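Let's take a walk through this structure, starting at one end of the chain and stopping wherever there is something worth a look. Keep the 3D view open as you read.

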Amino acid sequence: SKMSKKLRRQKKIKNIYKQALASYQNGESEDKWKYGTVYLGASDNLDLFLAIRRCSYEIEITEERRTVGFLIKQEQVKYTVTIKVSDTYNFDKQPWDSAGNILNNMARISHKYLDVGTDYEWEAVVVYETGWKKVK
């Protein structure tokens, strides 16, 4: 989806991917990297800021191993990191301190009191794969 493509290119999502993979490779507990929340500000990507702002994520990491070579064998590993980003589209109440928050709160009022729009869950999946690398 377009949303997945935009999220995949987003710097904060890339950093989440890199940190989770490093934690996984270092044997750290899933509690440290599997679940979290990310805030996408206007300076990160205006489109994502207006569409999402804050969302939750869940990470799944799988590894695949292979042996290559004939006489001299080498074990290699490749990682696939899947980040499921989700939220409820419902215009959470924000402070009235910026243009984006004012627009959000106006939409919230329309949504809540004038019955304009409907709450719904959305989800986007972002997948990163490493190349094959020699196992150390």
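In which segment does serine 1 lie? Serine 1 sits in the segment before α1. Bear in mind as you look that this is a predicted model. Serine 1 counts as exposed because its relative accessible area is 61%, and exposed means over 50%. The side chain of serine 1 also makes a polar contact of 3.1 Å with the side chain of serine 4. Now look for the residue at the far end of this next pair: serine 1 and valine 126 are 125 residues apart along the chain, yet their C-alpha atoms are separated by 9.5 Å.

Stay in this part of the chain and turn to charge. Lys2, Lys5, Arg8, Arg9, Lys11, Lys14 and Lys18 together form a positive surface patch. Two elements, α1 (2–9) and α2 (11–25), each give two or more residues to that patch. Of the contributors, α1 gives the most, with four residues. Lysine 18, another member of the patch, lies in helix α2.

Follow the chain past that helix and you come to glycine 27, in the loop between α2 and β1 (35–39). Is glycine 27 buried or exposed? Glycine 27 is exposed, because its relative accessibility is 64% and the cut-off for exposed is over 50%. Try placing glycine 27 against lysine 2: the two are 25 residues apart along the chain, and their C-alpha atoms are separated by 33 Å. Lysine 2, you'll recall, is one of the residues in the positive patch.

Next stop, a backbone oddity. Arginine 53 has a phi near 65°, which is a positive value in a residue other than glycine. You'll find arginine 53 in the loop between α3 (46–51) and β2 (54–68). Arginine 53 counts as buried because its relative accessible area is 7%, and buried means under 20%.

From here, salt bridges take over the story. How many salt bridges does the structure hold? The structure holds six, and a few of them are worth tracing by eye. One of them joins the side chains of lysine 84 and glutamate 58, at 3.7 Å from N to O. This pair links distant parts of the chain, with lysine 84 in strand β3 (residues 74–89) and glutamate 58 in strand β2, 26 residues apart. Both partners fall in the middle band of exposure: lysine 84 is partly exposed, with a relative accessible area of 30%, and glutamate 58 is partly exposed as well, at 27%.

Then look at arginine 65, which has two partners to find. The side chains of arginine 65 and glutamate 63 meet in a salt bridge of 2.8 Å, N to O. Arginine 65 also forms a salt bridge with glutamate 75, where the closest N and O atoms are 3.2 Å apart. That second pair links distant parts of the chain, since arginine 65 belongs to strand β2 and glutamate 75 to strand β3, ten residues apart. Put the two bridges together and you have a network of salt bridges that links Glu63, Arg65 and Glu75. As for cover, arginine 65 is partly exposed with a relative accessible area of 43%, glutamate 63 is partly exposed at 34%, and glutamate 75 is partly exposed at 37%.

Last, swap charge for grease. Which residues make the nonpolar surface patch of about 850 Å²? The patch is made by Trp96, Ile102, Leu103, Met106, Ile109, Tyr113, Leu114 and Val116. Pick out isoleucine 102 as a way in: this residue has its place in helix α4 (residues 99–113). Isoleucine 102 counts as partly exposed because its relative accessibility is 34%, and that band runs between the buried cut-off of 20% and the exposed cut-off of 50%.

Note on methods:
Residues are numbered from 1 along each chain as its sequence is written. This is a predicted model: local features need pLDDT of at least 70, side-chain atom pairs count only at pLDDT 80 or more; totals for chains, interfaces and linings use all residues. Side-chain values use heavy atoms; hydrogens and water are left out. Patches are made of residues with over 30% relative accessible area and no salt bridge: like charges are joined within 9 Å, nonpolar side chains (Val, Leu, Ile, Met, Phe, Trp, Tyr) within 5 Å. Accessible areas come from the Shrake-Rupley method with a 1.4 Å probe; for residues, only the protein chains shown count as cover. A salt bridge is a side-chain nitrogen of Lys or Arg within 4 Å of a carboxyl oxygen of Asp or Glu. Lys and Arg count as positive and Asp and Glu as negative; His and the chain ends are not counted. The place of a charge is taken as NZ of Lys, CZ of Arg, CG of Asp or CD of Glu. Buried means under 20% relative accessible area, exposed over 50%, partly exposed in between (1.4 Å probe, protein chains only). A polar contact is a pair of N or O atoms within 3.5 Å; within protein, one must be able to donate a hydrogen and the other to accept it, and residues adjacent in sequence count only if both atoms are side-chain atoms.
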